[in-house]
Amino acid sequence: MVTEGVQLLYDQIIEQFAILNAEMKLTLKVPPRKWFSFESRYPSLSGVFLGRHINIITDDVLIGGVTFPRTRIIIDALHYGKTMTITSETLWTMLKKLWGKNDITLNDSEFDRMFYIIANDPKFVQKLLDPDIRDVMKEGAFLQDGKFTLEQAQLKYEEQVSVFTVNRRRRIEKVILVMYMMTKKMEQMR
């Protein structure tokens with residue numbers, strides 16, 4: 001009975017990925033259901049959406065001996081050697097600032113309070129995160145423990161969460177929107 005409950009959770013994740021797939025027209029891969037199994041059965045999406053290759057993957061990550069789900073979104077992005085990391089402002093990032101590890105500010109007090117940004121080119125990030133992108137990010141969709149990274153021709157988002165509810169899927173849709181806004185802005189900045 002417990003294994004069936006676990007498998008029902010995976011069915012909910014698959015259902016939310018199927019809805020994403022219906023909207024984005026990507027390739028949905030779904031592992032087969034195994035009866036009486038605790039084995040992970042996470043779906044994945046990949047393909048081209050709005051002219052860019054995208055992968056949306058959920059897998060397991062081991063933290064302190066416990067397995068947690070992690071969802072990653074990866075989009076191809078041209079950025080010419082620029083790197084950045086954007087995370088939510090946390091107690092840990094505030095302590096980093098006290099130790100002299102300052103982040104990039106954008107002269108948007110609300111945004112600067114919410115996010116911790118490091119990059120190899122602060123001017124690039126200040127241009128990239130225009131008011132439209134910041135407004136979508138400030139809507140509260142990114143107040144989880146997610147992280148954006150830009151490196152090696154890819155813009156990535158990673159968060160320890162599984163997409164098994166409508167609200168979580170809608171958050172992921174906003175993340176995808178922000179990522180596409182960022183990649184479009186990078187194109188314009190070239």
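These legends walk through a few close-up views of a predicted model.

**View 1. Strand β5 sits between two partners in pairing terms: β6 and β7 both bridge to it.** Strand β5 covers residues 84-88, and four of its five residues are buried. With β6 (residues 115-119), β5 pairs in the antiparallel sense over five bridges. With β7 (residues 147-151), β5 also runs antiparallel, and here four bridges join the two. Ile-86 is a handy spot to look at: Ile-117 stands opposite it in β6, while Phe-148 is its bridge partner in β7.

**View 2. Here is Met-182 in the largest nonpolar core.** This core has 41 residues, and Met-182 is listed with Ile-73, Leu-129 and Met-137 as having the most contacts inside it. Helix α6 (residues 166-189) gives the most to this core, with eight residues. Leaving aside neighbours within four places in sequence, Met-182 is in contact with a string of residues, among them Ile-86 and Phe-148, the bridged pair from View 1. Met-84, Leu-128, Leu-129, Ile-133, Met-137 and Leu-155 are on its contact list too.

**View 3. Thr-71 is tucked into strand β4 as a buried residue.** Strand β4 spans residues 66-76, and Thr-71 has a relative accessible area of 1%, so it counts as buried. Its side chain makes a polar contact with the side chain of Thr-58, at 3.0 Å. Beyond residues up to four places away in sequence, Thr-71 touches several others, including Ile-57, Tyr-157, Val-163 and Ile-172.

**View 4. Asp-59 and Arg-72 meet in a salt bridge between strands.** Their side chains come to 2.9 Å, N to O. Asp-59 lies in β3 (residues 52-63) and Arg-72 in β4, so the pair ties together parts that are 13 residues apart in sequence. Asp-59 is buried, at 18% relative accessible area, whereas Arg-72 is partly exposed at 22%.

**View 5. Helix α6 takes part in two more salt bridges, through Lys-174 and Glu-173.** The side chain of Lys-174 meets that of Glu-139 at 3.0 Å, N to O. That pair links distant parts of the chain, since Glu-139 is in the loop between α5 (131-138) and β7, 35 residues apart from Lys-174. Glu-173 forms its salt bridge with Arg-169, the closest N and O atoms being 2.9 Å apart. Both lie in α6, four residues apart, or about one turn of the helix. Glu-173 is partly exposed at 22% relative accessibility, while Arg-169 is buried at 7%.

Note on methods:
Residues numbered from 1 in each chain as written. Predicted model: local features only at pLDDT ≥ 70, side-chain atom pairs only at ≥ 80, totals over all residues. Heavy atoms only, no water. Buried < 20%, exposed > 50% of the residue type's maximum accessible area, 1.4 Å probe, protein only. Pairing = 2+ DSSP bridges. Polar contact = N/O pair within 3.5 Å; in protein donor to acceptor, adjacent residues only side chain to side chain. Contact = heavy atoms within 4.5 Å. Core = buried A, V, L, I, M, F, W, Y, C linked by side-chain atoms within 4.5 Å. Salt bridge = Lys/Arg side-chain N within 4 Å of Asp/Glu carboxyl O.
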